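Student: Could you take one part of this protein and go through it with me slowly? I'd like to start with how two of its helices meet, and then see what you would look at next.

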Amino acid sequence: MTDCSTCVVRNRAICAALDKEELEALNLIGRRRTLTAGESIIWEGDESVLVANVIDGVLKLSTGSQDGREQIVGVVYPADFIGRPFGGNTSHSVTAITDAKVCLFSRADFDGFANDHPALEHKLLRRTLTELERTRKWMTLLGRKSAEEKLAAFLLDMSERLVDPGCETVTDEPLAEFDLPFSRQHVADILGLTIETVSRQFTKMKRDGVVALPSRRAVAITNRTALEDLAA
């Protein structure tokens, strides 16, 4: 059983559409699970049996090519929804990049609950359409952008989607400063670049006054307009 009252992303996740009584009912079919970095929770090609809200940490969506290489097709952050409701096989694996916590549901139980709660179904539809748009942008990011454009777009995406742990209210304001939740090697893997290329691009952005790098993991966007121009 979960406890929605203590969930740090409850106002941002799809369950934000539910009232107190509905949240209590959702509690009965969910459970918390902690993942260690590198642990998979959903596997490409398997029947969809689980869905989940991400509470903490960052996970990757990936597919495998015929020659065994991995292609990362997306990244999910706290408050994102993972899994495929309403049946079918999953088109990608879901693996924790960092240690993570998820609120896990049996897909069958979640489907039944969603059918009885139209507000949740509507929220899920809106989230699905948003994810579709993100997937289209991701394809453009990996297939057509330069290394500089890739990193700039990725930093903007993180600033918009990472949850500020000190903020208890929903806000559309992007973060001006955040810690990378993973290493630069992970950034390189996600963007299909080498770590040397990622480091050079960070150095160039810092030199040009676009970002500041207070520490190895910290990123402060000092000129968002310039960063948006680089990503365009």
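**Two helices crossing**

Tutor: Start with H4 and H6, which are roughly perpendicular to each other. Keep in mind that you're looking at a predicted model. The angle between the two helices is about 75 degrees, and their axes are 10 Å apart. The call follows from that angle, because anything from 65 to 115 degrees counts as roughly perpendicular. To find the pair on your screen, look for H4 at residues 147-161 and H6 at residues 195-207.

Now zoom in on where they touch. H4 brings Ala147, Glu148, Leu151, Ala152 and Leu155. From H6, the residues that meet them are Thr197, Val198, Gln201, Phe202, Lys204 and Met205. Sort this contact by class and you get 7 nonpolar, 2 polar and 2 charged residues.

Let's move on to the strands, beginning with E3, residues 50-56. Is it enclosed or open? Of its 7 residues, 5 are buried, so E3 is largely enclosed by the rest of the structure. E3 pairs with strand E8 (residues 100-106) in the antiparallel sense, over 6 bridges. One place to spot this is alanine 52, whose bridge partner in E8 is leucine 104. E3 is also joined to strand E6 (residues 81-83) by 3 bridges, and these two run antiparallel. Here, pick out asparagine 53, which has phenylalanine 81 as its bridge partner in E6. A handy bit of background: strands of a sheet pair through backbone hydrogen bonds, either parallel or antiparallel.

Just before E3, in the loop that links strand E2 (40-42) to E3, sits glutamate 44. With 35% relative accessibility, glutamate 44 counts as partly exposed. Leaving out residues up to four places away in sequence, glutamate 44 touches Ser62, Thr63, Gly64, Thr90, Ser91, His92 and Ser93. For a sense of scale, histidine 117 is 73 residues from glutamate 44 along the chain, and their C-alpha atoms are separated by 29 Å.

Ser93 turns up again at lysine 60, a residue of strand E4 (residues 59-64). Is lysine 60 buried or exposed? Its relative accessibility is 17%, so lysine 60 counts as buried; the cut-off for that is under 20%. The side chain of lysine 60 makes a polar contact of 3.1 Å with the side chain of glutamate 70. Beyond its neighbours within four places in sequence, lysine 60 is in contact with Glu70, Ile72, Gly74, Val75, Ser93, Val94, Thr95 and Ile97.

There's also an open sheet of 3 strands, in the order E9-E11-E10, with antiparallel pairing. Its edge strands are E9 (177-179) and E10 (211-212), each of which pairs on one side only. E9 and E11 (residues 218-221) are linked by 3 bridges, and aspartate 179 stands opposite alanine 218 in E11.

Finish with leucine 132, back on a helix: H3, residues 118-144. Leucine 132 counts as partly exposed, at 40% relative accessibility. Compare its position with alanine 212: the two are 80 residues apart along the chain, and 32 Å separates their C-alpha atoms.

Technical notes: Residues numbered from 1 in each chain as written. Predicted model: local features only at pLDDT ≥ 70, side-chain atom pairs only at ≥ 80, totals over all residues. Heavy atoms only, no water. Axes fitted to C-alpha atoms, helices over the stretch in contact; angles between N-to-C directions. Helix = DSSP H or I, 4+ residues; strand = E, 2+ residues; numbered from the N terminus. Parallel < 35°, antiparallel > 145°, perpendicular 65-115°, else oblique. Contact = heavy atoms within 4.5 Å. Nonpolar A, V, L, I, M, F, W, Y, C, P; charged D, E, K, R; others polar. Buried < 20%, exposed > 50% of the residue type's maximum accessible area, 1.4 Å probe, protein only. Pairing = 2+ DSSP bridges. Polar contact = N/O pair within 3.5 Å; in protein donor to acceptor, adjacent residues only side chain to side chain.
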